[in-house]
Amino acid sequence: MSKRIRKLLSTALALTLLLAAAAFAQAENTELEPYHIKWYITGPMPQPGADRVMARVNELLEPINATLEMVSTDFGNYVQKMQLVISAGEPFDLCYTSNWSLPFYATANSGAFLALNDYLETYCPTILETLPSVGWTAASIHGGIYAIPNLQIWAKAEGFVIRKDIADKYGFDVSVLADTYDMATIEPLLAAIQANESPEIIPIGLCAGRGIYSNHNHEEIGGPQLPGVVKLYDDTCTVINQFTDEAFVYTMNLARDWYLKGYVVPDAAVLGDMYAQQKAGLVATTGEGAWKPGGDVVAKQQMGGRDIYDIRVSDPYMTNAMLISTMTAVSATSQNPERALMFYDMIFSSKELYNTITLGMENVDYKFNEDGTASTIPNSGYDVSTYGWEFGNQFNQYVMEGQPLDVWEQTIELNNTAKASPLIGWTFDPEPIAAEIAAVSAVTGEYNRLLLTGSVDPETVYPEFLAKLDAAGAQKIIEEEQRQIDAWKAGQ
Amino acid sequence: MKAGSVIVKRGANKAARVRDKRFSIGLWAGYTVLALICACCVVPLLYIVAISFTEERALAINGYRLIPSTFSALAYEFVASNPSQLINSYTVTISVTIIGTFISLLVTAMLAYAMSRKYFLLGKKINFAVFFTMIFNVGLVPWYILNVRYYHLNNTIFSLILPYLIVPWNVFLFKGFLSEFPDALIEAARIDGSSEAATFFRIVLPNCKPALATVGLFIAFMYWNDWWLGMLYIEKSSLIPLQLMLYRIMNNIEFLSTSLNTGYISVTTTLFPNESARMAMCVLATGPMLIVFPFFQKYFVKGLTVGAVKG
């Protein structure tokens, strides 16, 4: 035997041994030690049917020999509860984290979460395959991945809702608004409603909580109440003050004009929402907050079941805030992070598991309709589908009655076409200028609702607003935001 | 019986005096002011009850009215759509309130009594210890760690009772009342050979009913209204107290409706309880206490002045 052949043979032998070892390891996998996974979530109150649903979930988890326990805390107290659990060093496996509840970057920096880089390839093949790479960018801190972004609608667009019966009655063509994104184009419709409908019909449901000023292709750095935005198409990431932006002035003047013409309710500035009026059928048109595929079903319910036009009034865009708005992290105190991740991968790979967690049991909590959609059975004792965005991959959810059959395909399409903000992977640290933020938020909180509902005269109040913003330290906030962005860009 | 007749007699005297001043302007002015204050307290409550029985559409069109324009009990159907949890939570809260009030009142009274005895050597030290916790506390995290890791209170009904057992303010309130207690009575008991325990239970306690009623009511309210301990320590749904359950419903509605506005997450249903359902929850949460309150009232007036006399 020549030396070369011997070498080849020994390599082959070594390989076989390796493969055998791998296969053996695989076989061992089925004999995993039993493990109890504890998962902290926020939102759904304890469901009376939770015990039987969890029993079913545990059946599904038999292949990885795990059992699941989900502990839920309401939105108001989740942060505090988790901070206690984390600082007490209690062992748990998974928890919900985001930009708005249990702040991701701060909590990860405190060392509460496990870096997942070494685990993902082995234990989360499905997640790696499914999740767009932009998600990992947002979940990384200095190269370490500290959470798994939940797959759901990541893109955002503004929406506007018009009651179909009213629009049709006056021959209003909604495509004008859909093409121009210009709110002023609905003025003729509002005028017609004002002139012809009974006085209790509100032409436009403008109120403090729901304006027509929409995000004009910019990312709001510290939320809508804080000055400082970066335009989506601006790769230099220059921070500007949106309250001096022409879009703000335009919206403000439009709202004033409509207010004077009586299209807006007189007490709009103090109304947080108009859900009750919408349900009662008193509101003809209203802003929608966020436009999304299947959102027309929600909007229709909100309008008391009346048919509506649901119009997208901005291009879809994607900001860092939206990417990290729902994530799941593995705790650094987890006794068995491998198993926790195997379980989380199953949520992505198994529709049955995902839907059992969110909808409950078939024919008890939900049932399939003839067209393939699912509908929940009222008062069955289990339904957390409202919170589906907390459980991994929302695109695994069965299409619900009333939703378009391709709702998830449409959502994925929207995610893929959305313009991504240049700030993805960066988040604002408000700590250094907390005092200015409090002062400025108080000013914007007071004036925004007045100016954007048209309740006051911009001629006199707008200069007053700008002066107070300056006095409260708006410029300092913008400078700090710019400084942090520059530092982040330099470090990249 | 004797005490009762004294009260009647006093009442009669008072009535006679009031009759003399029937046309006094000052008196009527006083009544008017009191009536206004009373109305400020009662009218909102009536509104809550009225709104909880009004149909949602009528609310949107007519606004809030004291007499529902369209009567509807739908709100209560919504809240009670999940009766097992509701009944469960009521049971938890009622038992916590009863057991908690009883034990807490007993411990508070005993502690206050010990502190108020001048011949008790450690009296001043204990006094200081209680007072100290009134100003400084250990902070949330160590407290939580102590209860969870060392006492293992989480997910037990004791976690809803024990942390509130002694509230310094209540102890001082009780002590204030006891400081007016005649020493002679206690000394007489001692001379007659009564033990400290017997003196406390047979002489002192029966004579401070107003203090017991007042402090007891404070404690009962505290236990009844608490959701904080439940939020921290309870993860089992069978032990969730009523207030926490209602608080969660409200809190989640508020969050979901605002998140619809910001659009960060996709919310798929809009099955929010409406205005009237929220009011129905309010009625369910406060109702039982409203019924209990009048039984304590006769002690309450006297009890309120407890400790207000002298330092």
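## Confidence in the model

pLDDT is the predictor's confidence in each residue, from 0 to 100. That score is a handy place to start, since this is a predicted model. Among the elements of chain B, helix 5 (residues 83–116) has the highest mean pLDDT, 90, while helix 1 (residues 2–20) has the lowest, 50. Over residues 1–9 of chain B the pLDDT is below 50, and this stretch has 0 contacts in the model beyond near neighbours in sequence.

Another stretch of chain B, residues 266–271, also stays under 50 in pLDDT, yet the model gives it 17 contacts beyond four places in sequence. Where pLDDT is low, the predicted coordinates should not be read in detail. For chain B as a whole, the mean pLDDT is 80, and 82% of the residues reach 70 or more. The model's scores are ipTM 0.71 and pTM 0.77.

## Chain A in outline

Let's turn to chain A. Its secondary structure consists of 20 helices and 18 strands, and its C-alpha atoms fill a box of roughly 95 × 55 × 50 Å along the principal axes. Of the 492 residues in chain A, 47% are buried.

How do the contacts of chain A spread along the sequence? Taking contacts between residues at least 6 apart, 78% join residues at least 24 apart.

## Two nonpolar cores

In soluble globular proteins, nonpolar side chains tend to be buried together. Here the largest nonpolar core has 110 residues, and Ile204(A), Val264(A), Val440(A) and Phe174(B) have the most contacts inside it. Helix 11 (residues 209–225) of chain B gives the most to this core, with 8 residues.

Val440(A) is a good residue to click on: leaving aside residues up to four places away in sequence, Val440(A) touches Leu226(A), Pro227(A), Leu469(A), Ala472(A), Gly473(A), Ala474(A) and Ile477(A). A second, separate core has 67 residues, including Tyr96(A), Ala139(A), Ala329(A) and Tyr354(A).

## Two positive phi angles

Most residues other than glycine have a negative phi. Leu102(A), however, has a positive phi near 55°. Leu102(A) lies in the loop between strand 3 (94–97) and helix 4 (104–109) of chain A. Asn363(A), also not a glycine, has a positive phi of about 65° and lies in the loop between helix 16 (351–359) and strand 16 (366–368) of chain A.

Which of these loop residues is buried, and which exposed? Leu102(A) counts as buried because it has 23 C-beta neighbours inside 10 Å, where the cut-off is 20 or more. Asn363(A) counts as exposed because it has 10 such neighbours, and the limit for exposed is 12 or fewer.

Definitions and conventions. Residues are numbered from 1 along each chain as its sequence is written. Chains are lettered from A and ligands numbered from 1 in the order in which they are written. Helices (H or I, at least four residues) and strands (E, at least two) are DSSP runs, numbered from the N terminus. Two residues are in contact if their C-beta atoms, placed from the backbone, lie within 7 Å. A nonpolar core is a set of buried Ala, Val, Leu, Ile, Met, Phe, Trp, Tyr and Cys residues joined through C-beta atoms within 7 Å.
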